[in-house]
Amino acid sequence: MEVKGYTQDGTVDLQGRPVLASKTGKWRACAFLVGYEAFERMAFYGVASNLVVYLTTQLHEDNVSSVRNVNNWSGAVWMTPILGAYIADSYLGRFWTFTVSSLIYVLGMVLLTMAVSLKFFKPTCANGVCNKASTSQIAFFYSALYIIAVGSGGTKPNISTFGADQFDDFNTKEKELKVSFFNWWMFSSFLGALFATIGLVYIQENLGWGLGYGIPTVGLLLSLFIFYIGAPIYRHKVRKSKSPARDLIGVPIAAFKNRKLKLPTQPSELHELELQHYSTSGKRQVHHTPSFSFLDKAAIKEANMGATRSPCTVTQVEGTKLVFGMIMIWLVTLIPSTIWAQINTLFVKQGTTLDRHLGSTFQIPAASLGSFVTLSMLLSVPMYDRYFVPLMRRKSGNPRGITLLQRIGIGFMLQIIAIAIAYAVEVKRMHVIRIHQVVGPKEVVPMSIFWLLPQYVLIGIADVFNAIGLLEFFYDQSPEDMQSLGTTFFTSGIGVGNFLNSFLVTMVDKITRRGGGKSWIGKNLNDTHLDYYYGFLLVIAALNLVAFIWASSKYIYKRENAEVAEVGVQVESKTLDTSPLAIQV
């Protein structure tokens with residue numbers, strides 16, 4: 001029930017008391033959260049951006065092993081949020097899951113800084129010849145990395161959803177502010193990544209890896225300090241069910257049990273609770289949709305006549321349908337995530353072979369070119385939010401300008417253009433290698449590293465559409481009590497994409513070197529066919545776009561009913577994307 005002055009969505013403070021709308025939440029609270037995100041992303045990308053270089057130059061791994069290990073670690077970082085989100089949604093809540101996980105994250109960063117700083121943990125070198133890292137050194141280094149992955153698993157899915165929780169969906173003005181939240185959330189993330197790819201990468205390669213990892217460790221501690229300053233004005237959503245993920249199992253089981261029963265002709269004949277129940281409990285009723293109609297059998301009333309347990313409600317069934325629909329979209333995000341994985345792996349290794357001089361003395365770290373991904377994002381986000389959205393809003397009538405899946409689809413198209421450019425540049429690099437007869441693995445190809453710039457910039461622009469779009473899509477379309485778990489569709493897609501890239505790199509290397517053939521991705525990138533691998537990615541990305549368009553045409557957006565009991569007004573709480581055809585081509 002709405003009480004004057006308090007939030008209408010039932011949010012509370014840390015002690016469980018209702019909070020005043022005027023003194024909590026909104027951008028005032030989010031300012032602390034985006035401050036945290038900027039410093040945390042600086043810490044993460046301070047490690048991730050140049051990890052492949054550390055593995056090859058300091059631990060002396062070969063190209064295939066280093067790319068595989070970076071992808072496996074990145075995959076773990078993006079997959080562990082599934083566990084963190086489940087713990088938050090089912091047990092601890094977002095705030096306390098974040099708190100515990102952040103301490104694990106800091107521990108991992110401290111151990112990693114020790115691993116790259118203390119001589120005991122690093123391979124020894126004598127007369128320019130370095131030994132391979134010992135088993136104990138490798139174990140300590142990778143243990144630190146995977147402790148970071150575990151810590152990130154609890155912070156990553158909960159901090160962005162916690163930020164979105166600061167806006168009341170029942171308040172028209174706050175709901176309008178929320179439309180821009182994910183754009184500016186990612187903007188702060190890009191700021192942290194920019195400092196990492198420009199400043200930290202240079203420090204690591206020129207001033208020392210210990211200092212280069214120590215700075216983001218301090219930055220992470222500072223980010224936590226910023227986060228907890230804002231604790232008194234944060235809003236916390238109350239868990240409305242003990243195990244929100246239970247319906248994902250219960251609904252399909254109930255539908256299977258009722259598989260021989262005939263569905264009623266009208267959806268209104270399916271089991272559903274009165275709207276008053278949702279009003280008093282603070283939950284939201286979800287409309288029936290025709291998608292995944294086999295699940296509707298879980299809500300057949302006659303199936304439970306005489307039984308002690310009532311059938312599933314339409315809202316429960318629709319929540320499961322939402323997850324099924326998101327899985328369908330999630331599957332067609334894996335290939336784009338594989339392309340994104342090139343930024344911190346093959347793009348970097350490609351850059352190390354080129355002329356990196358800027359002037360006569362200054363040499364650009366290859367990983368610093370990743371800063372142009374971030375720069376293009378930073379420039380594109382304000383333009384998207386301030387110009388593109390209002391323009392498209394006038395034409396389409398959609399508050400977001402275009403639907404979420406249209407936004408994602410545009411990003412995927414831009415990614416395909418980026419990988420096509422990467423292919424063309426690699427063909428050019430191989431041509432220069434043949435002309436100048438560059439043979440050795442450490443020989444510099446007389447071609448500027450800035451030839452790689454267009455592919456970095458275009459991937460950055462693409463991320464403004466697909467990365468932000470995917471994060472908002474999975475949050476917005478998740479069942480009400482599963483929004484932390486829902487955002488892990490975004491993180492896990494990136495994780496699986498990294499694992500998939502690791503698998504592809506390993507298999508392509510094994511297959512192409514059979515019978516004494518030349519590997520597409522060998523130890524010596526000056527004597528490989530990396531262009532063939534980029535061509536392969538281009539083909540599968542184009543095929544994936546076709547699959548995405550098909551999946552989008554089948555997707556039906558979530559529509560919820562909510563009732564403000566005191567004034568008796570029924571409102572649609574989710575109407576931003578209602579067209580069943582999400583992307584029109």
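# Salt bridges, a kinked helix and a few odd angles

Glu318 and Lys321 join their side chains in a salt bridge, with 3.0 Å from N to O. Before going further, keep in mind that this is a predicted model. The two partners both sit in helix H11, three residues apart, which is about one turn of the helix. That spacing suits a pairing, because an α-helix has 3.6 residues a turn, so residues three or four places apart point the same way. Glu318 is tucked away too: it counts as buried because its relative accessible area is 3%, under the 20% cut-off.

Lys321 has another partner as well. Its side chain meets that of Asp296 in a salt bridge of 2.7 Å, N to O. This pair ties together distant parts of the chain: Asp296 is in the loop between S3 and H11, Lys321 is in helix H11, and 25 residues separate them. Are these two buried or exposed? Asp296 is buried, with a relative accessible area of 6%, and Lys321 is buried too, at 3% relative accessibility.

## More salt bridges

How many salt bridges does the model hold? The count comes to 16. Another one worth a look joins Glu174 and Arg235, whose closest N and O atoms are 2.8 Å apart. Here again distant parts of the chain are linked: Glu174 belongs to helix H6 (residues 172-179), while Arg235 is in the loop between helix H8 (209-229) and helix H9 (246-257), 61 residues apart. Both Glu174 and Arg235 are buried.

Salt bridges can also join up into a network, and Asp89, Arg94, Asp165 and Lys237 are linked in just that way.

Here are the three pairs described so far, side by side.

| Pair | N to O distance |
|---|---|
| Glu318 and Lys321 | 3.0 Å |
| Asp296 and Lys321 | 2.7 Å |
| Glu174 and Arg235 | 2.8 Å |

What about disulfides? A disulfide is a covalent bond between the sulfur atoms of two cysteines. The count for this model is zero disulfides. As for individual cysteines, Cys30 is buried, at 0% relative accessibility, and Cys312 is buried as well, at 15%.

## The kinked helix

Now move along to helix H14, residues 371-396. Where is its kink centred? The kink, of about 45 degrees, is centred on Tyr384. Tyr384 is also one of the buried residues of H14, along with others including Ser371, Val373, Met377, Leu378, Asp385 and Val389. What covers these buried residues? The cover includes helix H7 (181-206), helix H15 (404-436) and helix H16 (453-476). Just after H14 comes Gly397, with a positive phi near 80 degrees.

## Two unusual backbone angles

Positive phi also turns up away from glycine. Most residues other than glycine have a negative phi, and most peptide bonds are trans. Lys26 goes the other way, with a positive phi near 60 degrees. Lys26 lies in helix H1, residues 26-48, and is partly exposed, at 21% relative accessibility.

Phe292 is another case, its phi being positive and near 45 degrees. You'll find Phe292 in the loop between strand S3 (285-286) and helix H11 (314-331). At 25% relative accessibility, Phe292 counts as partly exposed. Asp296, the partner of Lys321 from earlier, is in the loop between S3 and H11 too.

## Helix H4 and a nonpolar patch

Last stop: the surface. Which residues make the nonpolar patch of about 510 Å²? Leu14, Tyr91, Leu92, Trp96 and Val100 make it. Val100 has its place in helix H4, residues 81-117. Why does Val100 count as partly exposed? Its relative accessibility is 47%, so Val100 falls between the 20% limit for buried and the 50% limit for exposed.

Leu107 is in helix H4 as well. At 44% relative accessibility, Leu107 also counts as partly exposed. The C-alpha atom of Leu107 is 7.5 Å from that of Ile147, although the two residues are 40 residues apart along the chain.

Methods: Residues numbered from 1 in each chain as written. Predicted model: local features only at pLDDT ≥ 70, side-chain atom pairs only at ≥ 80, totals over all residues. Heavy atoms only, no water. Bend = angle between axes of the 7 residues up to and from the residue. Helix = DSSP H or I, 4+ residues; strand = E, 2+ residues; numbered from the N terminus. Buried < 20%, exposed > 50% of the residue type's maximum accessible area, 1.4 Å probe, protein only. Contact = heavy atoms within 4.5 Å. Patch = residues over 30% accessible without salt bridge, like charges linked within 9 Å, V, L, I, M, F, W, Y side chains within 5 Å. Areas by Shrake-Rupley, 256 points an atom, 1.4 Å probe, with all protein chains shown as cover. Salt bridge = Lys/Arg side-chain N within 4 Å of Asp/Glu carboxyl O. Disulfide = S-S within 2.5 Å.
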